[in-house]
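Here are some short exercises to work through with the sequence and the 3D view side by side. Try each task yourself before you read its solution.

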Amino acid sequence: EAAVHNFVRMVLDPSRPFLDAFRPFQARIAELGIYNSLAQLLLQTAKLAEAEAESRQALAIVRKLYDEHPGAVFFDVDLAEYHRIVGNVVRQAGKQVEAEAEYREVIRLRPKFAGGYQGLGVIHKWRGSLPEAIPLFRKAAALDPNYRDGWCDLAGALATLGQTQEALAV
């Protein structure tokens with residue numbers, strides 16, 4: 001974890017543009033063929049970046065890896081996770097329409113992945129459409145009973161609608 005944070009700190013150093021900071025790593029990673037590790041680091045970078053532009057740069061490189069190395073095995077990273085992170089980044093930037101499209105892509109790619117439903121539910125919640133958000137939060141919680149965000153969002157939405165007893169039961 002410390003190595004990831006050091007990498008992220010160096011890559012996101014405001015005195016160096018992202019791609020300039022990344023280039024020394026890119027050639028070595030390609031030489032070693034460790035695209036999965038690179039994708040993991042870049043997804044972590046995108047999650048930790050404070051600026052949307054930095055997140056998008058990291059995510060663009062991940063997407064390029066997928067496109068350029070279709071035979072590479074991405075054990076822990078898949079396109080659904082990629083789209084979920086993109087959705088989170090653009091949602092935090094206030095771009096709800098773009099985020100909604102990303103979460104719908106997550107659901108299309110991996111219909112049994114709780115993160116897509118939870119993210120789409122948050123978009124509906126932000127739009128004031130709690131009756132549309134609740135089934136999505138329920139689906140996320142049902143798909144992954146250990147997924148706290150799904151349960152928390154479900155309880156919050158139910159409580160907001162005055163369904164206190166059901167919210168407490170969650």
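Helices (H or I, at least four residues) and strands (E, at least two) are DSSP runs, numbered from the N terminus. Residues are numbered from 1 along each chain as its sequence is written, and side-chain values use heavy atoms, with hydrogens and water left out. This is a predicted model, where local features need pLDDT of at least 70 and side-chain atom pairs count only at pLDDT 80 or more, while totals for chains, interfaces and linings use all residues.

**Exercise 1. The overall picture**

Task: find how many helices and strands the protein has, and what share of its residues count as buried.

Solution:
- Start with the elements: there are 10 helices and zero strands. Read from the N terminus on, that gives α-α-α-α-α-α-α-α-α-α.
- Next comes burial, where buried means under 20% relative accessible area, exposed over 50% and partly exposed in between (1.4 Å probe, protein chains only). Of the 170 residues, 42% count as buried.
- Now for contacts (heavy atoms within 4.5 Å). Take those in the protein with a separation of 6 or more: residues 24 or more positions apart account for 48% of them.

**Exercise 2. Helix H7**

Task: work out how many of the 13 residues of H7 are buried, and what covers them.

Solution:
- Check the length. H7 reaches 19 Å from its first C-alpha to its last, close to the 18 Å expected at 1.5 Å a residue. The expected span is 1.5 Å times one less than the number of residues.
- Count the buried ones: 11 of the 13 are buried, so H7 is largely enclosed by the rest of the structure. Among them are Tyr117, Leu120, Val122 and Ile123.
- Look for the cover. The buried residues of H7 have H5 (79-92), H6, H8 and H9 among the elements covering them.
- Step past the end: Gly128 follows H7, and its phi is positive, near 85°.

**Exercise 3. H6 against H7**

Task: decide whether H6 and H7 are roughly parallel or antiparallel.

Solution:
- Get the angle. H6 (residues 96-109) packs against H7 at about 155°, and the axes are 8 Å apart. Axes here are lines fitted to C-alpha atoms, for helices over the stretch in contact, and angles run from 0 to 180 degrees between N-to-C directions.
- Apply the cut-offs: angles under 35 degrees count as roughly parallel, over 145 as roughly antiparallel, 65 to 115 as roughly perpendicular and the rest as oblique. The pair H6 and H7 is therefore roughly antiparallel.
- Find who touches whom: the contact includes Tyr103 and Ile107 of H6, and Leu120 and Ile123 of H7.
- Sort the contact residues by class: eight are nonpolar, five polar and two charged. Ala, Val, Leu, Ile, Met, Phe, Trp, Tyr, Cys and Pro count as nonpolar, Asp, Glu, Lys and Arg as charged, and the others, Gly among them, as polar.

**Exercise 4. H8, H9 and Asp153**

Task: describe how H8 and H9 pack, then say whether Asp153 is buried or exposed.

Solution:
- Begin with H8 (residues 130-143). Its 14 residues reach 20 Å from first C-alpha to last, close to the 20 Å expected at 1.5 Å a residue.
- List its buried residues: Leu130, Ala133, Ile134, Leu136, Phe137, Ala140 and Ala141. H7 and H9 are among what covers them.
- Bring in H9: H8 and H9 pack at about 150°, with axes 8 Å apart. H8 and H9 are therefore roughly antiparallel to each other.
- Pick out the contact, which includes Ile134 and Phe137 of H8, along with Asp153 and Leu154 of H9. By class, it has nine nonpolar, two polar and two charged residues.
- Zoom in on Asp153, which sits in H9 (residues 148-160). Asp153 counts as buried because its relative accessibility is 14%. Not counting residues up to four places away in sequence, Asp153 touches Gln118, Val122, Lys125 and Phe137.

**Exercise 5. Two residues of H4**

Task: find how far Arg63 and Ala60 are from Tyr82, C-alpha to C-alpha.

Solution:
- Place both in H4: Arg63 is in this helix (residues 52-68), and so is Ala60.
- Read the distances. Arg63 and Tyr82 are 7.9 Å apart, with their positions 19 residues apart in sequence; for Ala60 and Tyr82, 22 residues apart along the chain, the separation is 9.9 Å.
- Check exposure: Arg63 is partly exposed at 28%, and Ala60 is partly exposed at 43%.
- Finish with contacts. Leaving aside neighbours within four places in sequence, Arg63 is in contact with Leu79, Tyr82 and His83.
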